[in-house]
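Trainee: Before we begin, could we go through this protein by question and answer, starting with its overall division and then turning to individual residues?

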Amino acid sequence: SAAVGRQWSLLNTNSRFHYAAVTEFSERLAALAPEGLDTVFLVNSGSEANDLAIRLAWAHSGARNMISLLEAYHGWTVASDAVSTSIADNPQALTTRPDWVHPVVSPNTYRGPFRGEDSTVGYVDAVSRKLADLDEKGGKLAGFISEPVYGNAGGIPLPSGYLEAVYAMVRERSGVCIADEVQVGYGRLGHHFWGFEQQGVVPDIITVAKGMGNGHPLGAVITRREIADALEKEGYFFSSAGGSPVSSVVGLTVLDILHDDALQENARAVGTHLKSRLEALGDRFPLVGAVHGMGLYLGVEFARDRETLEPATEETAAICDRLLDLGIVMQPTGDHLNVLKIKPPLCLARESADFFADMLGRVLEEGW
Ligand SMILES: Cc1ncc(COP(=O)(O)O)c(C=O)c1O
């Protein structure tokens, strides 16, 4: 807060003019991205970042059709909402997507139509069929958007090799691959700074927000120069307060603290400990169907039956109510409202992780 206070008292204006902090922050972000992703747009939120990413895909490809995953949330603005398909966030989502959005089956290896290790081919085929259908109708592809580790589905890793195969099919059609790192990126996974590293791919556009501002409105789009240039032909981009001097100082300070306090390492260590505690609850309580995720992006999925995977929706609501009595704020998430998404601050202490696991254990013991 001292760094931010200093910048506030010195100057805060819009970001149409370049100040040292704006340039420095953009350079730091570009340095964190893979080689070639060297151009940064600063905005105020994840919705804004995804909206801009979609416009970049449109501008670069000259096309409009986007592939997105079912079970997804990408934001509230017109374009980011259009590619959002989660029925938990919007019960009308599946019947109201615009005609340029082509959702494909959620590659959910836990409860989707294809499960476990060998499920990749089934999910890749589904995308292949959707693309073939689009080709047949003469629809040109603008791009593909997904979370590279499936946060909205409960922190489930995509099947191995999925993005490699899908990105290749999208690029064959000159489409642009967008990785929405708003939830899972920026060190939260512990083992990886970016979610796409887990899949061994490099996207054409990265979107990031949420934790990068630590509560302050801040988002970014990181891409290749030629993709950014395509948008510039359609007009000058600016987002007045996106990446203002104060926002840039916030972003720089968050990056400094991430580094100095080794928060990614903390997410790895405390997350691994917490996951093992939660898995131990799974050994004791059949209601715990699965513990998804890694680092400090974990998902506890409740199911009434480990064979049928019938979602324990009412039980999850009751568990959240009881956790609140015990001092833990949790809400049911996922398309079946049967997942506890656990994504605490990256500075979470081991004792706090233990407190959470102890309290969840207590609630499960009480009757679920
Ligand atoms: C994966 C993902 N993308 C984008 C967004 C939208 O970000 P914001 O709420 O900052 O607009 C969210 C918000 O929850 C999200 O989870």
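The exchange below concerns a predicted model, and takes up the domains, the salt bridges and a few single residues.

Trainee: Into which domains is the protein divided, and how far apart do their C-alpha centres lie?
Mentor: The division gives domain 1, covering 2–260, and domain 2, covering 263–367. The C-alpha centres of domain 1 and domain 2 are separated by 27 Å.

Trainee: How much area do domain 1 and domain 2 bury between them?
Mentor: The size of an interface is often given as the accessible area lost when the parts come together. The contact takes 26 residues from domain 1 and 31 residues from domain 2. Of the area buried between domain 1 and domain 2, 56% is on carbon and sulfur atoms, and the whole comes to about 2,400 Å².

Trainee: Which three residues supply more than any other three of the area that domain 1 buries against domain 2?
Mentor: The share of that area supplied by these three residues of domain 1 is 32%, and the residues are Y110, R111 and R188.
One of them, R111, also meets a glutamate side chain in a salt bridge, with N to O at 2.7 Å, and that partner is E301.

Trainee: How many salt bridges, and how many residue pairs in polar contact, are counted between domain 1 and domain 2?
Mentor: For salt bridges, the count between domain 1 and domain 2 is one. For polar contacts, with both residues at pLDDT 80 or more, the count between the two domains is 16 residue pairs.

Trainee: Which elements give two or more residues to the side of domain 1 that touches domain 2, and how do the residues of that side divide?
Mentor: The elements that give two or more residues to this side of domain 1 are β6 (156–157) and α9 (245–260). By residue class, the side of domain 1 that touches domain 2 divides into eleven nonpolar, eleven polar and four charged.

Trainee: Is S248, in helix α9, buried or exposed?
Mentor: Helix α9 holds S248, and, leaving out residues up to four places away in sequence, S248 touches A21, V22, F25, L42 and G243. Its relative accessibility is 0%, and since buried means under 20%, S248 counts as buried.

Trainee: How many salt bridges does a search of the whole structure find, and which residues are linked with R224 in a network?
Mentor: The search of the whole structure finds 20 salt bridges. One of the pairs is R224 with E226, whose side chains meet at 3.2 Å, N to O; R224 is partly exposed at 23% relative accessible area, and E226 is partly exposed at 41%. The residues linked with R224 in a network of salt bridges are R171, D204 and E226.

Trainee: Which residue forms a salt bridge with D133, and is that partner buried or exposed?
Mentor: The closest N and O atoms of the pair are 3.1 Å apart, and the partner of D133 is K137. D133 has a relative accessible area of 35% and is partly exposed. K137 has a relative accessibility of 65%, so K137 counts as exposed.

Trainee: What is the phi of K210, and where is K210 placed?
Mentor: Most residues other than glycine have a negative phi. K210 is not a glycine, and yet its phi is positive, at about 40 degrees. At 52% relative accessibility K210 counts as exposed, and its place is in the loop between β8 (205–208) and β9 (219–223).

Trainee: Is L309, which also has a positive phi, buried or exposed?
Mentor: L309 is not a glycine, and its positive phi is about 60 degrees. L309 is found in the loop between β11 (297–302) and α11 (313–325). With a relative accessible area of 5%, L309 is buried.

Trainee: Which residues is V182 in contact with, leaving aside its neighbours within four places in sequence?
Mentor: V182 is found in the loop between β7 (176–180) and α7 (196–199), and at 12% relative accessibility V182 counts as buried. Leaving those neighbours aside, the residues in contact with V182 are G46, N50, T207, V208, A209 and K210.

Definitions and conventions:
Residues are numbered from 1 along each chain as its sequence is written. This is a predicted model: local features need pLDDT of at least 70, side-chain atom pairs count only at pLDDT 80 or more; totals for chains, interfaces and linings use all residues. Side-chain values use heavy atoms; hydrogens and water are left out. Domain bounds come from an automatic or database domain assignment. Contact means heavy atoms within 4.5 Å. Buried area is the accessible area (1.4 Å probe) that two parts lose on being put together, summed over both. A salt bridge is a side-chain nitrogen of Lys or Arg within 4 Å of a carboxyl oxygen of Asp or Glu. A polar contact is a pair of N or O atoms within 3.5 Å; within protein, one must be able to donate a hydrogen and the other to accept it, and residues adjacent in sequence count only if both atoms are side-chain atoms. Helices (H or I, at least four residues) and strands (E, at least two) are DSSP runs, numbered from the N terminus. Ala, Val, Leu, Ile, Met, Phe, Trp, Tyr, Cys and Pro count as nonpolar, Asp, Glu, Lys and Arg as charged, and the others, Gly among them, as polar. Buried means under 20% relative accessible area, exposed over 50%, partly exposed in between (1.4 Å probe, protein chains only).
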